[in-house]
Amino acid sequence: MKHKNIGSNFDDFLQDEGILAEVEKPLLRDCCKPITQLMFRRNIKVEMSRRMGTSRSALDRLLDPKNSSVSLRH
């Protein structure tokens, strides 16, 4: 019998090792920069925030790599 998803998830492992924040920070930075550049080039910030159901300022906070309150978890 096969067991699906035995054990904790990868985030739990990183947290147990004490390196979750250290791993997430470069991921957020690397994801945010290209999205921000694309939004600027195509002038789509208003449309993107509308489709996400949020404000432009909230979108700015979400894509700010220096914002430590942003998480990759959903």
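## Salt bridges and packing in a four-helix chain

Student: The side chains of Glu47 and Arg51 come together in a salt bridge, 2.7 Å from N to O. In which helix do Glu47 and Arg51 lie, four residues apart?

Tutor: Keep in mind that this is a predicted model. An α-helix has 3.6 residues a turn, so residues three or four places apart point the same way. Glu47 and Arg51 are four residues apart, about one turn, and the helix holding both is H3.

Student: Which residue forms a salt bridge with Glu47 at 2.6 Å between the closest N and O atoms?

Tutor: Side chains of opposite charge can pair when their charged atoms come close. The partner here sits three residues from Glu47 in helix H3, so the two are separated by about one helical turn. With the closest N and O atoms 2.6 Å apart, the partner is Arg50.

Student: Is Glu47 buried, partly exposed or exposed?

Tutor: The cut-offs help: buried is under 20% relative accessible area and exposed is over 50%. Arg50, at 55%, and Arg51, at 66%, both clear the upper cut-off, so they count as exposed. These three residues are linked in a network of salt bridges. Glu47 has a relative accessible area of 31%, so it is partly exposed.

Student: How many salt bridges does the structure hold?

Tutor: Let's go through them. Glu47 takes part in one with Arg51 and in one with Arg50. Then there is Asp60 with Lys45, where the closest N and O atoms are 2.7 Å apart. For the structure, the count is three.

Student: How many residues apart in sequence are the parts that Asp60 and Lys45 tie together?

Tutor: These two form a salt bridge at 2.7 Å. Asp60 is partly exposed at 37% relative accessibility, and Lys45 is partly exposed too, at 29%. Asp60 lies in helix H4 and Lys45 in helix H3, so in sequence the separation of the parts they tie together is 15 residues.

Student: Why does Ser49 count as buried?

Tutor: Ser49 has its place in helix H3, which runs over residues 45–52. If we leave out residues up to four places away in sequence, Ser49 touches Thr54, Ser55, Arg56 and Leu59. Buried means under 20% relative accessible area, and Ser49 counts as buried because its relative accessibility is 4%.

Student: What should helix H2 span at 1.5 Å a residue?

Tutor: H2 covers residues 20–42, which makes 23 residues. The expected span is 1.5 Å times one less than the number of residues. The distance between its end C-alpha atoms agrees with the expected value, which is 33 Å.

Student: Which helices do the buried residues of H2 pack against?

Tutor: Start with the buried residues themselves: in H2 they are Leu20, Glu24, Leu28, Cys32 and Met39. Their packing partners include the helix of residues 10–17 and the helix of residues 56–62. Taken together, the helices are H1, H3 and H4.

Student: Which residues is Met39 in contact with, leaving aside neighbours within four places in sequence?

Tutor: Met39 lies in helix H2. It has a relative accessible area of 6%, so it is buried. Apart from those sequence neighbours, the contacts of Met39 are Ile44, Lys45, Met48, Leu59 and Leu63.

Student: What is the phi of Asn43, roughly?

Tutor: Asn43 follows H2 and is found in the loop between H2 and H3. At 70% relative accessibility, Asn43 counts as exposed. Its phi is positive, in a residue other than glycine, and lies near 55°.

Student: Which pattern does the chain follow, read along the sequence?

Tutor: The secondary structure comes to four helices and zero strands. Reading along the sequence then gives α-α-α-α.

Student: What percentage of the contacts between residues at least 6 apart join residues at least 24 apart?

Tutor: For background, buried residues make up 15% of the 74 residues in the chain. The chain exposes about 6500 Å², with carbon and sulfur atoms supplying 54% of that. Among contacts between residues at least 6 apart in sequence, the share joining residues at least 24 apart is 43%.

Note on methods:
Residues numbered from 1 in each chain as written. Predicted model: local features only at pLDDT ≥ 70, side-chain atom pairs only at ≥ 80, totals over all residues. Heavy atoms only, no water. Buried < 20%, exposed > 50% of the residue type's maximum accessible area, 1.4 Å probe, protein only. Contact = heavy atoms within 4.5 Å. Salt bridge = Lys/Arg side-chain N within 4 Å of Asp/Glu carboxyl O. Areas by Shrake-Rupley, 256 points an atom, 1.4 Å probe, with all protein chains shown as cover.
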